[in-house]
Amino acid sequence: MSQVQGKVALVTGAASGIGAACAEVLAREGARVVATDIDDARGAGLIAKIKQAGGEAKYFHHDVTSEAAWAEVVAATEKLHGRLDILVSNAGIALSAPSIVDVSLSDWRRQTAINLDGVFLSVKYGIPAMRRCGGGSIIMMSSVAGLRGTPSLAAYCATKGGVRLFAKAVAMECAQANDGIRVNSVHPGIIDTPIWNKITGTATPPEHNSMTIAEGFAQLSVPLGFAGQAEDIANGVLYLASDAARYLTGTELIIDGGMTGGSFRRAPPDGNQ
Ligand code: NAI
């Protein structure tokens, strides 16, 4: 039995990386997927891939910072499928600067607009639709950077920490309303996606404006010793979306290769201590 058969899932930031993997896995497991993003070319590619694999998916252009766009996308989803059961608030960017004092106000606002305003709007418009069909599962993409601080990513950490507690507060509101909606956050560690090539900011000097996955990996020790793949996160999202997680709300699923579990001293490659 497919794990989310018959459910309707809306995934933001679905054209790339973790969002694309979530859309593919949910479609493979029987969901009718509405995939949204601002990258229409990659969005079209994703839909073709899902359809080729026998899944059902539709793409909408959707900037998550636009309130009008949220109203349109949720209305279009209900018009298309009559319901909304699963909402994956995944779209996000990461801006880096050597120090928080180098972060421009415009970068701070761009960072928070996509990573926080976008998630706020997702529940503002998603919850009423879910209530109309008797409940659902909301999954917000946070990060290990929402659990602990990372130098040069302070603004990003602020948004991801915000998402973590926002999920818990909304979960309590929904539980109090007894509306059948579960709300949880997911905390990926270092996942090999295009986001690592896009980490930028307006700080000077320019060489401080980016962080590669290799640099991130070197800075942050990963006990399992390798970067995760987008599917590792999508599998966790699938679980939270499914009825198997019916007793989970207000919690956080950390998928990080052990980063937050602890650390140990790794023997050097030649075996000398
Ligand atoms: P990605 O860069 O591969 O995908 C992000 C997608 O969001 C892109 O398709 C992009 O077009 C879209 N997007 C950007 N701005 C948007 C906007 N205003 N409206 C709608 N869509 C927009 O990145 P990745 O890695 O797949 O990231 C997905 C989520 O996972 C993000 O929230 C990110 O912060 C989070 N995350 C990623 C980690 C990683 O190591 N890759 C680690 C922890 C969290």
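1. Let's start with the surface. The accessible surface of the chain comes to about 12600 Å², and carbon and sulfur atoms hold 54% of that area. Keep in mind as you read on that this is a predicted model.

2. Now the overall build. You'll find 8 helices and 7 strands in the chain. The C-alpha atoms fit a box of roughly 60 × 40 × 40 Å along the principal axes. A compact globule of 273 residues would have a radius of gyration near 19 Å, and the chain agrees, with 19 Å. Buried residues account for 49% of the 273 residues. Among contacts with a separation of 6 or more, 72% join residues 24 or more positions apart.

3. A quick word on charge. The chain carries 23 positive and 25 negative side chains. The centres of these two sets lie 5 Å apart.

4. Helix α5 is a good place to look next. It covers residues 154-177, 24 residues in total, and reaches 34 Å from its first C-alpha to its last, close to the 34 Å expected at 1.5 Å a residue. Its buried residues are A155, Y156, C157, T159, K160, V163, A167, K168, V170, A171 and C174. Notice that two lysines, K160 and K168, are on that buried list. What lies over the buried residues of α5? The cover includes α4 (105-132), β5 (136-141), β6 (181-188) and β7 (252-255).

5. Have a look at the loops on either side of α5 too. S152 sits in the loop between β5 and α5, and it has a positive phi of about 75° although it is not a glycine. Just after α5 comes N178, with a positive phi of about 50°. N178 isn't a glycine either, and its place is the loop between α5 and β6. Is N178 buried or exposed? N178 counts as exposed because its relative accessibility is 68%, and the cut-off for exposed is over 50%.

6. Helix α8 (residues 230-241) passes the same kind of length check. Its 12 residues should span 16 Å at 1.5 Å a residue, and the end C-alpha atoms are indeed 16 Å apart. On the buried side, α8 has A230, I233, A234, G236, V237, L238, L240 and A241. The cover over them includes α1 (17-28), β4 (86-89), β5, β6 and β7. So β5, β6 and β7 turn up in the cover of both α5 and α8.

7. On to helix α3 (residues 67-81), where T77 is found. T77 has a relative accessible area of 1%, so it is buried, given that buried means under 20%. Which residues does T77 touch, leaving aside its neighbours within four places in sequence? They are V8, V34, G82, R83 and L84. T77 and K58 are 19 residues apart in sequence, while their C-alpha atoms are 9.2 Å apart in space.

8. H81 lies in helix α3 as well. H81 counts as buried because its relative accessibility is 12%. Once neighbours within four places in sequence are set aside, H81 is in contact with V8, R32, V34 and E56. V8 and V34 are therefore contacts of both T77 and H81, with contact meaning heavy atoms within 4.5 Å. From H81 to V33 there are 48 residues in sequence and 9.8 Å in space, C-alpha to C-alpha.

Terms used
Residues are numbered from 1 along each chain as its sequence is written. This is a predicted model: local features need pLDDT of at least 70, side-chain atom pairs count only at pLDDT 80 or more; totals for chains, interfaces and linings use all residues. Side-chain values use heavy atoms; hydrogens and water are left out. Helices (H or I, at least four residues) and strands (E, at least two) are DSSP runs, numbered from the N terminus. The radius of gyration is taken over C-alpha atoms; the globule rule is 2.2 Å times the number of residues to the power 0.38. Buried means under 20% relative accessible area, exposed over 50%, partly exposed in between (1.4 Å probe, protein chains only). Accessible areas come from the Shrake-Rupley method with a 1.4 Å probe; for residues, only the protein chains shown count as cover. Lys and Arg count as positive and Asp and Glu as negative; His and the chain ends are not counted. The place of a charge is taken as NZ of Lys, CZ of Arg, CG of Asp or CD of Glu. The expected span of a helix is 1.5 Å times one less than its number of residues.
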